[in-house]
Amino acid sequence: MVDQPTKILVVDDQELSRDLICQVLTSAGYAVRAASDGLNAIRQMEEARFDVVLTDVSLPQMDGLELLTQIRDRWPDSRVVVHSDLLTWRVARLARAEGAYACLSKSHNTAQLLNTIASASLAG
């Protein structure tokens, strides 16, 4: 039996940030897709199963916390990691209350990102 790579959806409206995270995760052996907003993320979730969703909080059309709630309700087996430039205590608390697996500041380093994603992928 061959293990399938963990499937990750990266949701971020900042193209540079999204592309950099996708490159890091792809290099680490994950199967990665990207979305630039919450509505596109929902469409992709409807088409394919993702083990982990890494989402920014501040997104056009549907913010990351609303996306988190939709994923929790519709795809409860997917773990959501929230990240943000402005990750305040209040936002982190709300995200955790809504079921986020973890919260990261966008100022995280690569090792912290990879450790969090690895932990989330094993949590299922």
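In this predicted model, helix H4 (89-97) has three named buried residues: Val91, Ala92 and Ala95. Look down the axis of H4 and these buried residues fall within an arc of 100 degrees, so they line one face of the helix. That buried set packs against H3, E4 and E5. The other side of H4 carries Trp89, Arg90 and Ala97, which are exposed.

What follows H4? Gly99 does, and its phi is positive, near 105 degrees. Gly99 sits in the loop that links H4 to strand E5 (102-105). Its relative accessibility is 43%, so Gly99 counts as partly exposed. Gly99 also has a distant partner in sequence: Thr69 is 30 residues away along the chain, but the two C-alpha atoms are 7.6 Å apart in space.

**The sheet**

Five strands make an open sheet, in the order E2-E1-E3-E4-E5, with parallel pairing. Which strands stand at the edges? They are E2 (31-35) and E5. Each has a single partner strand, so one side of each is left without a neighbour in the sheet. From one strand to the next, the twist averages 20 degrees.

Now take some pairs. Strand E1 (residues 7-11) joins E2 in the parallel sense, over five bridges. Here Leu9 stands opposite Arg33 of E2. E3 and E4 also pair in the parallel sense over five bridges. In that pairing, Asp56 has His83 of E4 as its bridge partner.

How many residues of E4 are buried? Six of the six are, so E4 is largely enclosed by the rest of the structure. Both of its faces are covered. Arg79, Val81 and His83 are buried on one side, and Val80, Val82 and Ser84 are buried on the other.

**Helices across the sheet**

Two helices can be placed by the strands they cross. Helix H2 (residues 38-47) lies across E1, E2 and strand E3 (52-56). H2 runs at about 140 degrees to E2. Helix H5 (residues 110-122) lies across E1, E3, strand E4 (79-84) and E5. H5 runs at about 160 degrees to E4.

**Helix H1**

H1 has 13 residues. From its first C-alpha to its last it reaches 18 Å, close to the 18 Å expected at 1.5 Å a residue. Its buried residues are Ser17, Arg18, Ile21, Cys22 and Leu25. They cover an arc of only 130 degrees around the axis, which puts them on the same side of H1. What do they pack against? The buried residues of H1 meet E1, E2, E3, E4 and H5. On the other side of H1, the exposed residues are Glu15, Leu16, Leu20, Gln23 and Ser27. Just after H1 comes Gly29, with a positive phi of about 100 degrees.

**Loop residues**

Asp12 lies in the loop between E1 and helix H1 (15-27). Is Asp12 buried or exposed? Its relative accessibility is 0%, so Asp12 counts as buried. Setting aside neighbours within four places in sequence, Asp12 contacts Ser17, Arg18, Ala35, Ser36, Asp56, Leu59, His83 and Lys106. Two of these contacts have already appeared in H1: Ser17 and Arg18 are buried there. Another two, Asp56 and His83, are the bridge partners described above.

Gln61 sits in the loop between E3 and helix H3 (64-74). Gln61 has a phi near 75 degrees, a positive value in a residue other than glycine. With 62% relative accessibility, Gln61 counts as exposed.

**Cysteines**

How many disulfides are there? The count comes to zero. Cys22 is in no disulfide, and the nearest cysteine sulfur, that of Cys103, is 20 Å away. That distance is too far for a bond, which is why Cys103 does not bond to Cys22. Cys22 is buried, at 14% relative accessibility. Cys103 is partly exposed, with a relative accessible area of 22%.

**Accessibility side by side**

The table collects single-residue values from the text.

| Residue | Relative accessibility | Class |
|---|---|---|
| Asp12 | 0% | buried |
| Cys22 | 14% | buried |
| Gln61 | 62% | exposed |
| Gly99 | 43% | partly exposed |
| Cys103 | 22% | partly exposed |

Notes: Residues are numbered from 1 along each chain as its sequence is written. This is a predicted model: local features need pLDDT of at least 70, side-chain atom pairs count only at pLDDT 80 or more; totals for chains, interfaces and linings use all residues. Side-chain values use heavy atoms; hydrogens and water are left out. Helices (H or I, at least four residues) and strands (E, at least two) are DSSP runs, numbered from the N terminus. Buried means under 20% relative accessible area, exposed over 50%, partly exposed in between (1.4 Å probe, protein chains only). Two strands pair if DSSP finds at least two bridges between them. Axes are lines fitted to C-alpha atoms, for helices over the stretch in contact, and angles run from 0 to 180 degrees between N-to-C directions. Contact means heavy atoms within 4.5 Å. A disulfide is a pair of cysteine sulfur atoms within 2.5 Å. The expected span of a helix is 1.5 Å times one less than its number of residues. The arc is that of the directions from the helix axis to the C-beta atoms.
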